[in-house]
Amino acid sequence: MSDEGSIAWRFFMKSNDLTQVTCRRCQKSLKFSGSTSGMIHHVRTVHTDELKTLQAENPDDFLRSQRANALSCENLNELLVL
């Protein structure tokens, strides 16, 4: 996984001013405000085959990412209960 942690960073690069990201595959630019959700949506809908290939080649990376997301959701749920 890249140093940013999300699989999205394998497909996107940040602009110099950090307000946009550009897809390395199709050059699509998206606004960036700290969340990778829009980037992940783009990858899942536009680059489905490449994402599946990447998942097959690097299953451990995706398992770590899924575990991290699950932990984040658990922490969020704990905060909502308080």
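**Entry 1: charges over rings**

I looked first at Arg 25 and found its charged end over the ring of Phe 11, 4.3 Å from the ring centre. The model is a predicted one, and I read these distances accordingly. I then turned to Lys 14, whose charged end sits over the ring of Trp 9 at 5.0 Å from its centre.

**Entry 2: the aromatic pair**

I next asked how many aromatic pairs the rule yields. The count comes to 1. The partners are Trp 9 and Phe 32, in an edge-to-face arrangement with 5.5 Å from centre to centre and 80° between the planes. I placed both residues in the fold: Trp 9 belongs to the segment before β1, and Phe 32 to the loop between β3 and α1, so the pair ties together parts 23 residues apart in sequence.

I also checked whether these two residues are buried or exposed. Trp 9 has a relative accessible area of 8%, so I recorded it as buried. Phe 32 has a relative accessibility of 15% and likewise counts as buried, because the cut-off is under 20%. I noted again that Trp 9 is the residue whose ring lies beneath the charged end of Lys 14.

**Entry 3: helix α1**

I then examined helix α1, which spans residues 37-46. Which of its residues are buried? They are Met 39, His 42 and Val 43. Viewed down the axis of α1, these buried residues fall within an arc of 95°, so they line one face of the helix. I recalled the general reason: an α-helix has 3.6 residues a turn, so residues three or four places apart point the same way. On the other side of α1, I found His 41 and Arg 44 exposed.

I went on to ask what covers the buried residues of α1. The cover includes the strands β1 (12-14), β2 (20-23) and β3 (29-31), together with helix α2 (48-57).

**Entry 4: the chain as a whole**

Finally, I looked up the overall organisation. The chain holds 3 helices and 3 strands, and from the N terminus on the elements run β-β-β-α-α-α. Of the 82 residues in the chain, 26% are buried. I noted an accessible surface of about 5,900 Å², with 52% of it belonging to carbon and sulfur atoms. For the contacts between residues at least 6 apart in sequence, I recorded that 32% join residues at least 24 apart.

How values were computed:
Residues numbered from 1 in each chain as written. Predicted model: local features only at pLDDT ≥ 70, side-chain atom pairs only at ≥ 80, totals over all residues. Heavy atoms only, no water. Helix = DSSP H or I, 4+ residues; strand = E, 2+ residues; numbered from the N terminus. Buried < 20%, exposed > 50% of the residue type's maximum accessible area, 1.4 Å probe, protein only. Contact = heavy atoms within 4.5 Å. Areas by Shrake-Rupley, 256 points an atom, 1.4 Å probe, with all protein chains shown as cover. Arc of directions from axis to C-beta. Phe/Tyr/Trp six-rings, centres within 6.5 Å; stacked < 30°, edge-to-face > 60°. Lys NZ or Arg CZ within 6 Å of the ring centre and 35° of its normal.
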